[in-house]
Amino acid sequence: MVRGLYTAYTGMINQQARLDVVSNNLANATTAGFKKEGSTSQSFDSVLAIKIRDGSEGYVDRSIGPMNLGVKIGETYTDFSQGSFKSTGATYDVAISNKGFFAISYTNRAGEEQTMYTRDGSFTLNKDGCLVTKDGDFVLGQGGPIMIPTNTASVAIDELGQIWADNVYVDKLSLVDFEDYNYLEKYGENLYIAVDGAQMKDATDATVSQGYLEMSNVNVVSEMVEMINISRAYESNQKLITSIDETLGKAVTIGQVK
């Protein structure tokens, strides 16, 4: 009975973790460049149950067999499949087709700079003519932060990421890719950090579309269905705990000495 309580409890904890992931996906359903997350569940390692000091066995410990104690939270993973494109018509909005990331020079609150990567191409120009993200971080080109003359009448960005200001070549967006996305760690809504072991490579298959943004790859309907399934599984574990608790209560009542 007590093991049943514990098993149901682990089930509730696991469903809560799944709900957190789904809720975060839904919260970012309209975030440009966001990649949805998923979670896995694992079974606790089986333990060996042993019958100890039982008179029917001659007071010799005897193995009963394996016993499992429920479910535990597995890993959280990111689905890097491409999202749909949204036409904005904005000069500095760009989207990547196929695999690849924009390189960003990110500055934290301590003033430390670090290169991060994103699929969110909602860029703009700051007052100095630097191409920046919506948070003000520099977008990197082949030689560092991209500078565009402030008196430029027209800016064109071709499929290779080359930037032309009034038909004069300025720079090229730094497009990079990685051998294994498991070495990318999510930072915030849509930034990624390359951790130790990450192998960078050129995004040879990537093409850039000016005037478009890649939207989140979250399917709202699918996530809502998943949320309903999680809610039902959570309620099932709740009912199991209630049922076992009532049974234990009756057992205590029957066992009381009048």
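Here is a short tour of selections to make in the viewer.

Before clicking, note that this is a predicted model, with local features needing pLDDT of at least 70, side-chain atom pairs counting only at pLDDT 80 or more, and totals for chains, interfaces and linings using all residues. Residues are numbered from 1 along each chain as its sequence is written, and side-chain values use heavy atoms, leaving out hydrogens and water.

Start with residues 162-165 and 168-172: these are strand 14 and strand 15, antiparallel and joined by 4 bridges. (Strands are DSSP E runs of at least two residues, helices H or I runs of at least four, all numbered from the N terminus; two strands pair if DSSP finds at least two bridges between them.) The two make a hairpin with 2 residues between them, and aspartate 166 in the turn has a positive phi of about 50 degrees. Isoleucine 163 sits opposite aspartate 171 of strand 15.

Keep Ile163 selected and add Phe102, Phe123, Leu131, Leu173 and Leu175: these have the most contacts inside the largest nonpolar core, which has 19 residues. (Such a core is a set of buried Ala, Val, Leu, Ile, Met, Phe, Trp, Tyr and Cys residues joined through side-chain atoms within 4.5 Å; buried means under 20% relative accessible area with a 1.4 Å probe, protein chains only.)

Now centre on leucine 173. Beyond its neighbours within four places in sequence, its contacts (heavy atoms within 4.5 Å) include Val94, Phe102, Ile157 and Val208.

Last stop: asparagine 25, in helix 1 (residues 2-27). Is asparagine 25 buried or exposed? Asparagine 25 is buried, at 0% relative accessible area. Show Phe34, Lys36, Glu37, Val218 and Glu223 too: asparagine 25 touches them, not counting residues up to four places away in sequence.

Note on methods. Buried < 20%, exposed > 50% of the residue type's maximum accessible area, 1.4 Å probe, protein only.
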